[in-house]
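Subject: The structure for you to look at

Hi,

Here is the structure I promised to pass on. Have a look at it first, then read on for what turned up.

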Amino acid sequence: GVCTDWTSSRDELTSVELNNAMDYFYDEINRAVDIIGFDACLMQAIEVAYQFNYLADYMVGSEELEPLDGWDYDFLSELYSNPTMSAEDLAFEVFDYYRNFYSSSLPGRSLTFSVLDLSKCLDMEQDLDWFCDVALTSGTAASHFNTARSGAQAFSDGLRDLKGYMETIILSSPFTADEKSA
C-alpha cells in the first residue's frame, strides 16, 4: 500500500483504493493527468503501470526500496521556472533530481528510479500475452523459466526486473526461436 496514515492505525491505500480515487479524479476532470508519481517503495512495476495506464501519461518512481526521505522535491523549482514544460520533461526532471540528490548523499549506492511512458502499456500487455501463449505451448520445461527468473535482478518482496528476465530468456539456449523473439 501507499499513503500510510502514521497518525492512527497505519492505514494505507491499497492499489485498488488508489485506482478508485484516480478513476474518480479522471471522471471529474475528464482526462488523464500528466504524471503520476510514487514517492513510495516498490511501485514502479509493470502491474502498477498497467493499472494506471489510462489515468496518466507518465509514471515515475522506484522499483526498489527508496532510501532516506524519498524524493528531492526541489524539482518543483523547474516547473515554477517553466510552467509550460511538457509532462515528459517534468518527469525527467523528477528523475534527474532524484539521481543527483542520492548520488551526492549516498555515493556508490545502487538506486532504481525510472520514467515510464504509460501509452506503451497496451503494447507491453499484448507482447507479454503473446510471449505467455508461446511459452505455455512450447513444451519448454518450467525449470528453464524459473532459471531465467533467478537470473533477473531481484528487488525486495521477491519482485524481479522484467527486462532482465526477458534478456535472460533470449540468451538461454533451451528456449525456442518463438520464445526468444517474443
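Before the first number, one term: a residue is called buried when its relative accessible area is under 20%, exposed when it is over 50%, and partly exposed in between. With that in hand, 34% of the 182 residues of the protein chain count as buried. Please keep in mind that this is a predicted model.

**The overall picture**

The protein chain has eight helices and three strands. Going along the sequence, you meet them in the pattern α-β-α-β-α-α-β-α-α-α-α. The C-alpha atoms fill a box of roughly 55 × 45 × 40 Å along the principal axes. As for the accessible surface, the protein chain has about 11100 Å², and 52% of that belongs to carbon and sulfur atoms. If you look at contacts with a separation of 6 or more, 57% of them are between residues 24 or more positions apart.

**The sheet**

A bit of background helps here: strands of a sheet pair through backbone hydrogen bonds, and they can do that either parallel or antiparallel. In this model, three strands make an open sheet in the order E1-E2-E3, and the pairing is mixed. Strand E1 (33-38) and strand E3 (114-117) are the edge strands, each pairing on one side only. On average, neighbouring strands of this sheet are turned by 20° against each other, direction ignored.

Strand E2 (residues 56-61) and E3 run antiparallel and are joined by four bridges. To find the place on screen, pick Val60, which stands opposite Val115 in E3. Then look for helix H4 (residues 87-105): it lies across E1, E2 and E3, and it runs at about 5° to E2.

**Two nonpolar cores**

In soluble globular proteins, nonpolar side chains tend to be buried together. The largest nonpolar core here has 17 residues, and the ones with the most contacts inside it are Ile36, Phe38, Val48, Phe52, Met59 and Leu118. Helix H1 (15-29), E1, helix H2 (46-51) and E2 each supply at least two residues of this core. E1 gives the most, with three residues.

Which residues does Phe52 touch, not counting those up to four places away in sequence? They are Leu18, Asn19, Met22, Ile36, Phe38 and Leu118.

There is also a second, separate core of 14 residues, which includes Val60, Phe75, Leu90 and Tyr98.

**Aromatic rings**

The count of aromatic pairs comes to 12. One of them is Tyr73 with Phe75, a tilted pair with 5.7 Å centre to centre and 35° between the planes. Are these two rings' residues buried or exposed? Tyr73 counts as partly exposed because its relative accessibility is 42%, and Phe75 counts as buried because its relative accessibility is 6%.

Phe101 and Tyr102 form an edge-to-face pair, with 4.8 Å centre to centre and 80° between the planes. Here Phe101 has a relative accessible area of 33%, so it is partly exposed, while Tyr102 has 0%, so Tyr102 is buried.

Finally, try colouring the rings: ring pairs link Trp71, Tyr73, Phe75, Phe92, Phe95, Tyr98, Phe101, Tyr102 and Phe113 into a cluster.

Cheers

Note on methods
Residues are numbered from 1 along each chain as its sequence is written. This is a predicted model: local features need pLDDT of at least 70, side-chain atom pairs count only at pLDDT 80 or more; totals for chains, interfaces and linings use all residues. Side-chain values use heavy atoms; hydrogens and water are left out. Two strands pair if DSSP finds at least two bridges between them. Axes are lines fitted to C-alpha atoms, for helices over the stretch in contact, and angles run from 0 to 180 degrees between N-to-C directions. Contact means heavy atoms within 4.5 Å. A nonpolar core is a set of buried Ala, Val, Leu, Ile, Met, Phe, Trp, Tyr and Cys residues joined through side-chain atoms within 4.5 Å. Buried means under 20% relative accessible area, exposed over 50%, partly exposed in between (1.4 Å probe, protein chains only). Rings of Phe, Tyr and Trp (its six-membered ring) pair if their centres lie within 6.5 Å; planes under 30 degrees apart count as stacked, over 60 as edge-to-face and the rest as tilted. Accessible areas come from the Shrake-Rupley method with a 1.4 Å probe; for residues, only the protein chains shown count as cover.
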